[in-house]
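The following note is offered to a colleague who is meeting this structure for the first time. The points are numbered for ease of reference.

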Amino acid sequence: MGTDKEEPHPQPNPKTEKTGGRNQAPCFFHTFQRPTADRLKNPMLNEFIEKVVVHEADKSTGDRRQKVDIYFNFIGCFVPPKPEVILTAEEEAKAQKALAARNREREQNKLRMRRVREAQRAAKEAGKVSAPAG
């Protein structure tokens, strides 16, 4: 005989409660807030990354290139799309000129190093011949 009041049943919240059919997507998206630069921290980023594979550096073209594969959870290895670069005639000519200059410099370096090695070899041979035997 007290004053027991009956608690009303809580109303379902469409943002948090799962409902059948089409309404699940809005519920899912409302649970997340859009991250901003000040809220996106390293631990949050680490949750998305499964592993990072760093390959050996390649210097065969004269430029140092190194491939890095980033594997994300749920999507695997991510390969960003390469933007299409359209060069003007001037830019193309400038790039060709720079490439030709770089190739000329490489050839000169190869010839110079070949002469240095031959001189070292000749000095080594001369040192062996002029040394007194026994």
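1. A residue counts as buried under 20% relative accessible area, as exposed over 50%, and as partly exposed in between. Lysine 110, with a relative accessibility of 49%, is therefore partly exposed. The reader should bear in mind that the model is predicted.

2. The strands form an open sheet of three, in the order β1-β2-β3, with antiparallel pairing. The edges are occupied by β1 and β3 (76–78), each of which pairs on one side only. From one strand to the next, the twist averages 30°. Between β1 and β2, the antiparallel pairing extends over five bridges, and valine 53 stands opposite aspartate 69 in β2.

3. Glutamate 50 belongs to strand β1, which covers residues 49–54. Its relative accessible area is 52%, so glutamate 50 is exposed. Apart from neighbours within four places in sequence, glutamate 50 contacts Tyr71, Phe72 and Asn73. Isoleucine 75 is 25 residues away from glutamate 50 along the chain, and the C-alpha atoms of the two are separated by 9.7 Å.

4. A nonpolar patch on the surface consists of Val52, Val54, Val68 and Ile70, which together have about 320 Å² of accessible area. Strands β1 and β2 (68–72) each contribute at least two residues to this patch. Isoleucine 70, located in strand β2, is partly exposed, since its relative accessible area is 31%.

5. Side chains of opposite charge can pair when their charged atoms come close. In this model the count of salt bridges is three. One of them joins arginine 102 to aspartate 63, with the closest N and O atoms 3.5 Å apart. This pair links distant parts of the chain: arginine 102 lies in helix α3 (residues 89–130), aspartate 63 lies in the loop between β1 and β2, and the two are 39 residues apart. Both partners are partly exposed, arginine 102 at 33% and aspartate 63 at 29% relative accessibility.

6. Another salt bridge connects the side chains of aspartate 69 and lysine 67, at 3.9 Å from N to O. Is each partner buried or exposed? Aspartate 69 has a relative accessible area of 9% and is therefore buried, whereas lysine 67, at 52%, is exposed.

7. Glutamate 107 and lysine 110 also meet through their side chains in a salt bridge, at 3.7 Å from N to O. Both residues lie in helix α3, three residues apart, or about one turn of the helix. Glutamate 107, at 46% relative accessibility, counts as partly exposed, and lysine 110 is likewise partly exposed at 49%.

How values were computed: Residues numbered from 1 in each chain as written. Predicted model: local features only at pLDDT ≥ 70, side-chain atom pairs only at ≥ 80, totals over all residues. Heavy atoms only, no water. Helix = DSSP H or I, 4+ residues; strand = E, 2+ residues; numbered from the N terminus. Buried < 20%, exposed > 50% of the residue type's maximum accessible area, 1.4 Å probe, protein only. Contact = heavy atoms within 4.5 Å. Patch = residues over 30% accessible without salt bridge, like charges linked within 9 Å, V, L, I, M, F, W, Y side chains within 5 Å. Areas by Shrake-Rupley, 256 points an atom, 1.4 Å probe, with all protein chains shown as cover. Salt bridge = Lys/Arg side-chain N within 4 Å of Asp/Glu carboxyl O. Pairing = 2+ DSSP bridges. Axes fitted to C-alpha atoms, helices over the stretch in contact; angles between N-to-C directions.
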